Amino acid sequence: MSRNSLKFGTSGLRGLAVELEGQAARRYTVAFLRHVESLGQLGGGKIFVGRDFRNSSLAIAADCATAIAQFDLEAVDCGTIPTPALAYHAMAAGCGAIMVTGSHIPVDRNGLKFYLPTGEISKADEAGIFAALDEELIPDSTESVRDKAAAAVERYFDRCAGLLPAGALLGLRIGVFEHSTVARDLLMRVLQHAGADAVGLGRTDTFVAVDTEAFGDAVFAPLKGWIASEKLDAIVSSDGDGDRPLLMDGNGDFVRGDVLGLLAAQFLGARTVVTPVTSNSAIERTGFFANVVRTRVGSPFVVAAMELAHDAVVGFEANGGTFVGDGVVVDGQPLAPLPTRDAVLPLLCALGIAVRQGKRVDEVVAALPLQHAIADRLQDVPGDKSGAFLKRLEQDASFAEAFFGSHGIAGLSTIDGLQFRTTAGDMVHFRASGNAPELCCYIEGSSPDVARALLNWAMKAAAAEVA
């Protein structure tokens with residue numbers, strides 16, 4: 001097995017499914033367990049395993065269970081389950097967990113997300129796992145695996161149901177774009193518990209890779225039509241493993257993930273917000289929060305920064321996946337920390353804040369001091385090509401000036417990738433994906449037309465450089 005065939009990205013180990021299945025998954029699992037043991041955190045005696053609906057996930061989950069048994073621990077099968085539900089259940093038991101998922105990346109890829117008993121692993125933990133990896137053959141196991149899927153789902157349902165009072169969404173008709181997300185049944189249940197008339201739409205038997213940030217993807221084409229034909233107030237969904245939310249308002253417009261995170265933090269009464277540099281610059285301008293901490297892109301960076309804050313802290317990524325830290329209270333009751341991305345929580349918070357204010361979702365969003373932000377990505381761009389382009393753009397001033405041309409350059413931030421401010425005050429941000437061979441582009445503009453034109457230009461110009 002080549003160590004370079006599989007890599008840790010912004011959240012978890014990722015690579016081609018055919019390279020992960022078998023000995024690779026077993027070896028990485030053992031390496032994770034060795035690392036957890038070195039931290040003295042194997043006390044629970046069990047490792048909980050979940051998976052998404054990808055064809056390759058079942059076999060890879062079985063490989064993980066085989067490796068767990070070889071380590072003289074008990075593998076507990078949590079079935080097809082949202083990632084935050086798996087993490088929450090494992091944390092409650094004081095145990096580690098492994099989620100088999102490729103999240104939103106193409107179906108021929110897959111991955112592993114590792115959890116300590118305290119929550120999501122850090123970048124230091126990733127290094128520890130990699131250091132513990134070896135070429136030892138992990139034999140097959142005949143150990144039976146205990147099924148705890150129902151208990152894990154119910155624990156997470158109770159958490160989600162407690163965010164809104166029963167009947168809070170009474171009178172709203174909300175579509176659930178089910179596709180192949182493991183969160184689909186739970187979303188239906190939670191919405192119905194809150195009083196909404198929930199309508200399931202677009203369920204598939206085969207896995208569909210849904211990137212909740214790529215609104216232009218063909219998979220989303222039917223949604224606006226459903227708003228009209230089904231007389232819906234909104235449509236909700238998530239990516240494959242249920243940790244990145246999607247919300248379309250009653251006008252058929254998508255609500256960006258960083259706006260969902262902002263609304264969740266507002267609903268939860270956060271005093272400190274932690275979010276990557278790619279999230280909308282309006283977060284500071286709202287004045288809702290005492291502190292706003294910016295990080296690099298990737299859930300480990302958000303979690304690490306949240307650990308330094310203990311004053312009603314909420315984190316979220318630009319994709320909307322929301323983390324709950326210490327000190328958060330809902331309706332007078334403490335909300336248990338869950339330091340991993342959650343898709344259901346921000347969806348419920350956004351709907352809840354609209355009801356609380358007596359407004360539609362689009363009216364709530366319109367009241368925020370937002371820059372008009374959109375994003376896209378160039379697919380099948382190898383990391384070396386992205387790296388060469390970004391290096392030249394940063395280090396060669398004459399090339400950067402020529403590249404931006406009449407847009408001009410007024411400022412540059414290098415927290416993660418290259419975030420340029422144009423002379424007009426708009427933003428163009430290029431960064432290489434940590435999960436897939438893609439070059440990402442994030443735009444903020446003074447108007448929707450400006451943002452769209454800037455994105456079209458940036459994508460075309462970047463494509464010419466990485467061709």
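Where is the place of Lys-231? In this predicted model, Lys-231 sits in the loop between α8 (223-229) and β11 (234-238). Its backbone deserves a second look: the phi of Lys-231 is near 55°, a positive value in a residue other than glycine. For comparison, most residues other than glycine have a negative phi. With a relative accessible area of 66%, Lys-231 counts as exposed, because the cut-off for that class is over 50%.

A positive phi also turns up at His-179, where the angle is near 25°. This residue, too, is not a glycine, and it belongs to the loop between β9 (173-177) and α7. Is His-179 buried or exposed? Its relative accessible area is 1%, so His-179 is buried. Lys-231, as noted, is exposed.

The loop that holds His-179 leads on to α7, and this helix has a neighbour worth visiting. Helix α6 (residues 149-161) and helix α7 (residues 184-193) have axes that come within 10 Å and cross at roughly 40°. The two helices are therefore oblique to one another. The crossing of α6 with α7 is right-handed. On the α6 side, the contact is made by Val-153, Glu-154, Tyr-156, Phe-157, Cys-160 and Ala-161. These meet Leu-186, Arg-189, Val-190 and His-193 of α7. Sorted by class, the contact comprises seven nonpolar, one polar and two charged residues.

Aromatic rings provide the next theme, with 16 aromatic pairs in the structure. One of them joins Phe-389 and Phe-403 in a tilted arrangement, at 5.6 Å centre to centre and with 55° between the planes. This pair links distant parts of the chain: Phe-389 lies in helix α14 (residues 383-395) and Phe-403 in helix α15 (residues 397-404), 14 residues apart. Phe-389 counts as buried because its relative accessibility is 4%, and Phe-403 is likewise buried at 9%.

Phe-389 has a further partner in Phe-430. Here the ring centres are 5.5 Å apart and the planes stand at 75°, so the pair is edge-to-face. Phe-430 belongs to strand β23 (residues 427-432), and 41 residues separate it from Phe-389 in helix α14. Both Phe-389 and Phe-430 are buried.

Which residues form one aromatic cluster with Phe-389? The cluster brings together Phe-389, Phe-399, Phe-403, Phe-404, Phe-420, Phe-430 and Trp-457. Both ring partners described above, Phe-403 and Phe-430, thus appear among its members.

Note on methods. Residues are numbered from 1 along each chain as its sequence is written. This is a predicted model: local features need pLDDT of at least 70, side-chain atom pairs count only at pLDDT 80 or more; totals for chains, interfaces and linings use all residues. Side-chain values use heavy atoms; hydrogens and water are left out. Axes are lines fitted to C-alpha atoms, for helices over the stretch in contact, and angles run from 0 to 180 degrees between N-to-C directions. Helices (H or I, at least four residues) and strands (E, at least two) are DSSP runs, numbered from the N terminus. Angles under 35 degrees count as roughly parallel, over 145 as roughly antiparallel, 65 to 115 as roughly perpendicular and the rest as oblique. A crossing is left-handed if the near helix is turned anticlockwise from the far one by less than a right angle, and right-handed if clockwise. Contact means heavy atoms within 4.5 Å. Ala, Val, Leu, Ile, Met, Phe, Trp, Tyr, Cys and Pro count as nonpolar, Asp, Glu, Lys and Arg as charged, and the others, Gly among them, as polar. Rings of Phe, Tyr and Trp (its six-membered ring) pair if their centres lie within 6.5 Å; planes under 30 degrees apart count as stacked, over 60 as edge-to-face and the rest as tilted. Buried means under 20% relative accessible area, exposed over 50%, partly exposed in between (1.4 Å probe, protein chains only).
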